[in-house]
Amino acid sequence: MRRFGRTLVTAALAVAAVGGTAGWASGESQSAVTGPPPGAAAWRADTAYGRVLPDPATATPSEVARFFAGLDDTQRAALVRSHPLVVGNLDGAPPALRYEANRLAAAATGEARYASLAAPDRRILAFDPRGRGQVAEVFGELEHAAHVAVIVPGNDNDATSYDSRRAPHTGPAGMARALHAATGGPAAEGTAAEGAVSGGPVAPRSVDGGPVAVVAWTGYTTPVGVGLDAADGRLAAAGATRLARFTAGLDAVGAPDPVLFCHSYGSVVCGLAARHTDATDLVALGSPGMRADTAEGLRTGARVWAARGPSDWIADVPNVRFAGLGHGADPTSAAFGARRVPAADVRGHAGYFTPGTQSLAVFAAIARGEAR
């Protein structure tokens, strides 16, 4: 009975502790935004092209890609103008069309909070204003990349806060910018990434790293604050479905198989999505657990990596699962079986992409296909 009581206490601690940024005091329940994008009904009813448009709810990304491949430039441009919210969020549609569609969609909201997303130099790969909003942005040239990395963030991230002022190298966009710079900038060249696997060095593969595109993917409804949403897997399960479809969309347009960098609650999303993606590597950082007891339990062919800094408060989160609460084993534990990424110089819960850190150097090597 005492053991059961301790389990209840631990589960209660998980409810209070799992989350994102230190300082949160409470959380509010969120409704996951799922299903086809806004405007799907009008899209389905459009017969202007003498053919049935692919149903956003049922067409696979490969089917979407084949549909757009059969259109000429004039037809594609007309669909962007007529249905920007659908084209902009349609996995499998050409990235350049999605960028233009999302620029139009963000501007059409007339809301100041989305105005920056409509800038002509942004590569917004997804934009959904429903609820708190979802957004994905590409840093680099997705169409010509030799490697693709996807940042999957945790709590308190959405389209509304995406361009908010933050500490450098934090938030999905800041992390993506830092990783993109580290993979392609002069500072990344010749950097020794020590101690990534069981205390040993990261060994380069005999391949050309090539250019890397990094996607900041805030493509699911994240928990807000500390509460039941942060401690259970409901939002993560909905996010995992969207992440799996997003990666299938990358594949459909000919992009390389991605590396997933999963921060905090985002690692729960990645854990649930792992077996449904074609990711080459899955990196959990600042993770409360991945809803699996071991890396093998993720049932993925991807290599699994894990990082946790010495001052990351996530270490205080109980690694339990009870009555649906908590996210299970610590991915950085030896028993979990993930490859360890050195993080001794990481500060806090959001410092993993800080320039000069060991973690960022290893992340860059993983993203470029140069780590093993």
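# A tour from the surface to the core

Start with aspartate 293, which counts as exposed at 62% relative accessibility. Here exposed means over 50% relative accessible area, buried means under 20%, and partly exposed lies in between, with a 1.4 Å probe and protein chains only. This is a predicted model, in which local features need pLDDT of at least 70, side-chain atom pairs count only at pLDDT 80 or more, and totals for chains, interfaces and linings use all residues. Residues are numbered from 1 along each chain as its sequence is written, and side-chain values use heavy atoms, with hydrogens and water left out.

**Stop 1: aspartate 293**

Stay on this residue. Aspartate 293 is in the loop between β8 and β9. Helices (H or I, at least four residues) and strands (E, at least two) are DSSP runs, numbered from the N terminus. Now add Ala329 and Phe336: aspartate 293 touches both, with residues up to four places away in sequence not counted. Contact means heavy atoms within 4.5 Å. Select glycine 337 as well. Aspartate 293 and glycine 337 are 44 residues apart in sequence, yet their C-alpha atoms are 9.5 Å apart in space.

**Stop 2: strand β8**

Follow the chain back to β8. Is this strand mostly covered or mostly open? It is mostly covered, with five of its five residues buried. Show the side chains. Asp281, Val283 and Leu285 point one way, while Leu282 and Ala284 point the other way. In a regular strand the side chains alternate between the two faces of the sheet.

Next, show the strands beside β8. β7 pairs with β8 in the parallel sense over five bridges. Two strands pair if DSSP finds at least two bridges between them. β8 also pairs with β9 (residues 303-307), again parallel and over five bridges. Alanine 284 makes a good marker. Cysteine 262 stands opposite alanine 284, and alanine 284 stands opposite alanine 306 in β9.

**Stop 3: helix α10**

Select residues 265-273. This is helix α10, and eight of its nine residues are buried, so the helix is largely enclosed by the rest of the structure. Tyr265, Val268 and Ala273 are among the buried ones. Which elements do these buried residues pack against? They pack against β4 (147-152), α8 (228-231), α9 (234-252), β7 (258-263) and β8 (281-285). Now show β7, α10 and β8 together: they make a right-handed β-α-β unit. A crossover is right-handed if, with the strands pointing away from the viewer, the path from the first strand over the helix to the second runs clockwise.

**Stop 4: the disulfide**

Colour the cysteines 262 and 270. They form a disulfide, with their sulfur atoms 2.1 Å apart. A disulfide is a pair of cysteine sulfur atoms within 2.5 Å. A search of the whole structure finds one. The torsion about the S-S bond is about -90°, so the disulfide is left-handed. Cysteine 262 is buried at 0% relative accessible area. Cysteine 270 is buried too, at 0%.

**Stop 5: β2, β3 and asparagine 102**

Jump to β2 (124-128). Five of its five residues are buried, so the strand is largely enclosed by the rest of the structure. β2 and β3 (residues 134-139) run antiparallel, joined by four bridges. Isoleucine 124 has glutamate 137 as its bridge partner in β3. Zoom in on the hairpin between them. It has five residues between the strands, and glycine 131 takes a positive phi near 60°.

Now pick asparagine 102, in helix α6. Asparagine 102 is buried, with a relative accessible area of 0%. Beyond its neighbours within four places in sequence, asparagine 102 contacts Gly88, Asn89, Ile124, Leu125, Ala126 and Phe127.

**Stop 6: the aromatic rings**

Show the side chains of Phe, Tyr and Trp. Rings (for Trp, the six-membered one) pair if their centres lie within 6.5 Å; planes under 30 degrees apart count as stacked, over 60 as edge-to-face and the rest as tilted. By this rule there are seven aromatic pairs. Take tyrosine 114 and phenylalanine 127: the centres are 5.0 Å apart and the planes at 75°, so the pair is edge-to-face. The pair links distant parts of the chain, 13 residues apart: tyrosine 114 is in the loop between α6 (95-108) and β2, and phenylalanine 127 is in β2. Both residues are buried.

Move on to tryptophan 217 and tyrosine 220. Their ring centres are 5.9 Å apart and their planes at 15°, so this pair is stacked. Tryptophan 217 and tyrosine 220 are both buried. Add Phe246: ring pairs link Trp217, Tyr220 and Phe246 into a cluster.

Finish at tryptophan 305. Arginine 339 lies over the face of this ring, 5.5 Å from its centre. A charge sits over a ring if NZ of Lys or CZ of Arg is within 6 Å of the ring centre and within 35 degrees of the ring normal.
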